[in-house]
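Q: Please take a close look at the charged side chains of this protein and how they pair up. Explain it step by step, in plain words.

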Amino acid sequence: MNYLRLFARSVLADLADLVAPPACAACGATFPRRLPLCDLCREHLVAAEDAPPAVSVAWEHGGSLARAVHRAKYGDDPSVAAALGALLVETWRHDGVVDAVVPVPLHPARLRLRGFNQSAELSRALGHTLGAALLFDGARRVRDTPTQTRLDRAARRRNVADAFVASPRVRGARVLLVDDVVTTGATLAALRQACLDAGAAAVHAVALARVPLWTA
Ligand SMILES: [Zn+2]
């Protein structure tokens with residue numbers, strides 16, 4: 001049964017390549033392999049110098065990665081974010097078991113506008129690799145928060161406090177949260193608290209890129 005499903009998936013992937021050949025998520029260059037970034041864009045990734053507490057993040061937001069994140073977020077193609085998920089698989093190197101992968105949810109109004117949640121698309125590869133359940137409805141954003149760009153650390157915390165409610169499905173689970181871009185980690189901290197309030201056994205987080213405060 002699994003082989004049949006794998007075969008069907010590979011046929012679908014080949015069909016997808018015919019319609020839209022594999023392309024670099026940052027510059028759009030096409031190449032024959034299924035990779036998130038071309039060699040040139042890959043070379044320009046900059047290692048993150050630090051990370052918010054309890055968040056794994058490998059790269060600074062900027063250059064080719066900033067272009068890729070922008071395409072993943074504001075383009076109309078969810079496969080860009082899904083391809084970038086391979087970078088998250090590289091970022092998450094912990095050995096512990098993960099039961100459930102929960103992407104940072106968008107407010108329903110924003111989700112309707114955008115058509116997809118880029119963090120949900122990003123989390124697919126990680127869920128498959130870890131053998132964890134993909135809980136796209138593991139948490140809801142119950143309050144649409146104003147943009148955080150001009151807020152300092154304390155204001156960001158207040159801005160997202162109580163913005164999330166986690167589903168009872170996370171009870172007892174070792175949860176891994178997934179975000180695209182992280183700055184102070186206030187959003188992930190609020191979501192982490194919501195998961196703990198709902199009875200999650202442990203909560204870690206992974207993000208694709210880190211933006212230093214004030215340059216977000
Ligand atoms: Zn490229």
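**Charged pairs, one at a time**

A: Asp-50 has a relative accessible area of 45%, so this residue counts as partly exposed, the class between 20% and 50%. This is a predicted model, and the values below are computed from it.

The side chain of Asp-50 forms a salt bridge with that of Arg-210, with 2.9 Å from N to O. The two residues come from distant parts of the chain, 160 residues apart: Asp-50 sits in the loop between α2 (39–43) and β1 (55–60), while Arg-210 is in strand β7 (residues 202–210). Their accessibility falls into separate classes. Arg-210 has a relative accessible area of 13%, and because buried means under 20%, Arg-210 is buried, whereas its partner Asp-50 is partly exposed.

A second pair is Asp-144 with Arg-110, whose side chains meet in a salt bridge at 3.2 Å, N to O. Asp-144 belongs to the loop between β4 (139–141) and α7 (153–160), and Arg-110 to helix α5 (residues 108–114), so this salt bridge ties together parts that are 34 residues apart in sequence. Asp-144 is partly exposed at 36% relative accessibility. Arg-110 is also partly exposed, with a relative accessible area of 35%.

A third pair joins Arg-169 and Asp-137, with 3.0 Å from N to O. Here both partners are in loops: Arg-169 in the one between β5 (164–166) and β6 (174–182), and Asp-137 in the one between β3 (133–134) and β4, so the link spans 32 residues in sequence. Arg-169 has a relative accessibility of 52% and counts as exposed, because that class starts over 50%. Asp-137, at 45%, is partly exposed. Salt bridges can also share partners: Asp-50, Glu-60 and Arg-210 are joined into one network in this way.

These pairs are among the eight salt bridges found in the whole structure.

Now consider a charged residue without such a partner. Arg-156 is part of helix α7. Arg-156 is buried yet has no salt bridge, and the nearest side chain of opposite charge, that of Asp-152, is 7.0 Å away. A salt bridge needs a nitrogen and an oxygen within 4 Å, so a side chain at 7.0 Å does not qualify. What lies 3.0 Å from a polar atom of the Arg-156 side chain? The backbone oxygen of Leu-151 does.

Cysteines offer another kind of pairing to check. A disulfide is a covalent bond between the sulfur atoms of two cysteines. A search of the whole structure finds zero of them. Cys-24 is buried, with 0% relative accessibility, while Cys-27 is partly exposed at 44%.

Finally, the setting for these pairs. The protein has eight helices and seven strands. Of its 216 residues, 44% are buried. Among contacts with a separation of 6 or more, 69% are between residues 24 or more positions apart. The accessible surface of the protein comes to about 11600 Å², and carbon and sulfur atoms account for 56% of that area.

How values were computed:
Residues numbered from 1 in each chain as written. Predicted model: local features only at pLDDT ≥ 70, side-chain atom pairs only at ≥ 80, totals over all residues. Heavy atoms only, no water. Helix = DSSP H or I, 4+ residues; strand = E, 2+ residues; numbered from the N terminus. Buried < 20%, exposed > 50% of the residue type's maximum accessible area, 1.4 Å probe, protein only. Contact = heavy atoms within 4.5 Å. Areas by Shrake-Rupley, 256 points an atom, 1.4 Å probe, with all protein chains shown as cover. Disulfide = S-S within 2.5 Å. Lys, Arg positive; Asp, Glu negative; His and termini not counted. Polar contact = N/O pair within 3.5 Å; in protein donor to acceptor, adjacent residues only side chain to side chain.
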